[in-house]
Amino acid sequence: RGPDTYSPTGQETGVPQEKVAQGGEYLTTAQGARLYETDHSLKAGPRGPVLLQDHHLREKITHFDHERIPERVVHARGAAAHGIFQGYGTAGQITKAAFLGKDVETPVFVRFSTVLGSRGSADTVRDTRGFATKFYTDEGVFDLVGNNIPVFFIQDAIKFPDVIHAGKPHPDREIPQAQSAHDTFWDFVTLHTEATHHTLWNMSDRGIPRSYRMMEGFGVHTFRFVNAEGATTLVKFHWKPKLGVHSLVWEEAQITAGVDPDFHRRDLADAIEAGAYPQWELGVQTFPDTDDQLFEGIDLLDPTKIVPEELAPVQPIGLLTLNANPSNYFAETEQVAFHLGHLVPGIDVTNDPLFQGRLFSYLDTQISRLGGPNFAQLPINRTHAPVNDMLRDGMHQTAVHRGAAPYRPNSLDGGCPFLAGEDTGAYIEVPEPVHADRKVRDAAASFDDHYSQPRLFWLSMTPTEREHIVAAYTFELSKCWETSIKERALRVLANIDPELCGEVATGLGLPAPEPTVKLAEPDPSPALSQLGATWPLD
Ligand code: HEM
């Protein structure tokens with residue numbers, strides 16, 4: 001388990017040479033016994049019954065029968081590439097994470113994905129895109145598991161099964177575009193109005209990217225940086241594509257889904273093969289780590305909110321270059337396992353309830369998806385740092401552990417005593433105070449505003465972008481069967497903007513309702529006018 005058996009270039013899977021299949025001159029069984037043929041089973045006479053003793057037949061068929069593993073419960077369809085991340089050293093004052101140091105180069109593996117479709121679904125559907133990066137740093141693996149949309153549908157992970165069940169194909173016909181699936185999705189996002197912001201981004205051109213190479217990426221949650229002195233800063237991660245942000249239009253997306261369902265994965269692989277390596281700059285917005293964790297009135301623990309870049313500019317901290325395609329889709333793209341809990345010293349979590357739930361979910365799902373607890377030993381998941389973990393045995397264990405005493409401290413093999421109080425480069429959690437006088441399930445009152453940021457987004461759009469948004473809502477809502485759901489969706493839109501609501505209502509042939517919240521004027525306050533003018537970035 002170490003860098004010596006692993007190549008980050010993508011030209012090899014990292015498996016030691018002697019284990020590479022199809023490597024030798026002769027065909028063999030899995031046990032290495034040489035075969036003289038593989039096209040006919042062993043029979044009692046040329047037309048006789050097949051004999052149970054034919055080990056090669058049984059091995060070949062049995063292995064084939066077990067070739068598939070469960071696809072990811074979400075983000076099942078993806079494409080990935082290897083690359084290099086180069087730190088700029090600009091974050092050195094606020095984090096001790098060594099891989100962000102000046103000119104430090106770290107191998108990475110990045111997987112892009114759609115969320116709702118199954119492994120064989122089309123690339124250009126309207127959906128959020130995953131943007132997950134595994135940094136193989138010298139201090140251990142750091143995973144940044146983000147999306148191409150900066151906010152999420154829900155504020156608390158306990159609703160994740162619900163939002164996904166509402167969006168996935170309905171159980172009776174398993175047809176993603178069935179009327180029933182539209183009803184459940186729109187039912188959910190109009191009853192849980194915290195989903196309004198993410199839904200609006202999905203209905204905008206951001207929901208149908210032109211290419212994975214032309215997407216932004218966002219860590220979504222607020223993270224905590226810790227510097228060498230222990231001082232903390234809150235940050236939000238952003239990936240900015242060097243090629244700019246580009247989208248398809250809806251007709252292109254639909255036609256492409258039929259003509260070339262592999263459009264995005266082909267585009268990524270072709271570009272890399274041709275030497276047109278896609279690049280993203282990694283940046284952070286930074287905020288003081290105050291007791292209330294609010295910034296300009298925005299709750300930094302609410303994942304349905306952005307912080308406009310006019311209020312907190314994105315400061316570049318490194319450069320990502322994707323320069324090699326995987327050599328085996330299954331071994332790399334399918335078996336890679338990202339996890340928000342894979343952190344390195346200098347980067348810590350916050351109390352965002354969505355973030356906290358994700359910290360549980362990924363390891364849990366990977367134990368079943370990847371067949372037990374030892375998937376960290378798979379070549380694509382191996383850290384490049386030395387491992388001494390005291391984890392033993394279990395399904396698909398490939399390590400041969402030595403030593404008599406897998407516990408610390410011990411008096412038998414003398415291994416690695418803890419050095420209390422000394423900085424050994426260990427990961428140390430920030431000792432954040434916990435303010436609580438009771439248990440609650442309620443969300444904070446600062447999570448209540450579901451409309452003012454969607455309104456900012458709408459107001460920042462150009463006329464053409466607005467046309468696309470109106471067309472997307474009208475098209476998608478027209479697929480709902482239940483008129484009551486369409487009417488509820490219009491009530492949500494009325495709280496974003498009367499023009500948006502009116503145009504969609506006309507398209508649906510329904511009356512436009514009045515807003516139920518007080519709409520912010522385009523420029524009632526200096527902060528709003530500042531945002532409405534230029535936000536978002538492009
Ligand atoms: C997978 C992003 C919220 C559970 C993924 C992947 C991405 C992602 C990019 C694909 C990883 C890959 O390529 O292998 C996000 C973002 C979220 C979010 C940005 C919100 C900010 C959640 C929540 C849960 C969740 C709240 C559960 C409570 C999962 C699971 C997988 C997954 C189970 C499949 C992992 C696997 O099978 O390896 N997510 N997700 N996600 N996500 Fe999330």
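Which residues in α10 meet which residues in α12? On the α10 side they are Ile469, Val470, Tyr473, Thr474, Leu477 and Ser478, and on the α12 side they are Leu500, Glu503, Val504, Gly507 and Leu508. Sorted by class, this contact has seven nonpolar, three polar and one charged residues. Keep in mind that you're looking at a predicted model.

**How the two helices sit**

Two packed helices are described by the angle between their axes and the distance between the axes. Here α10 covers residues 463–478 and α12 covers residues 498–508, and they pack at an angle of about 40° with their axes 9 Å apart. Because angles between 35 and 65 degrees count as oblique, α10 is oblique to α12. The crossing of the pair is right-handed.

**More on α12**

Leu500, Cys501, Glu503, Val504 and Ala505 are the buried residues of α12. What do they pack against? Their partners are α10 along with α9 (452–459) and α11 (483–494). Right after α12 comes Gly509, with a positive phi near 70°.

**Around the ligand**

Now for the ligand, which has 28 residues around it. Arg72, His75, Arg111, Gly130 and Ser361 come nearest. Several elements give two or more residues to this shell:

| Element | Residues |
|---|---|
| β2 | 105–114 |
| β3 | 129–137 |
| β4 | 140–147 |
| α8 | 353–369 |

Which element gives the most to the shell? That's α8, with eight residues. By class, the shell divides into 14 nonpolar, 10 polar and four charged residues.

How values were computed:
Residues numbered from 1 in each chain as written. Predicted model: local features only at pLDDT ≥ 70, side-chain atom pairs only at ≥ 80, totals over all residues. Near = placed C-beta within 6 Å. Helix = DSSP H or I, 4+ residues; strand = E, 2+ residues; numbered from the N terminus. Nonpolar A, V, L, I, M, F, W, Y, C, P; charged D, E, K, R; others polar. Axes fitted to C-alpha atoms, helices over the stretch in contact; angles between N-to-C directions. Parallel < 35°, antiparallel > 145°, perpendicular 65-115°, else oblique. Left-handed = near helix turned anticlockwise from the far one by under 90°. Contact = placed C-beta atoms within 7 Å. Buried ≥ 20, exposed ≤ 12 C-beta atoms within 10 Å, placed from the backbone.
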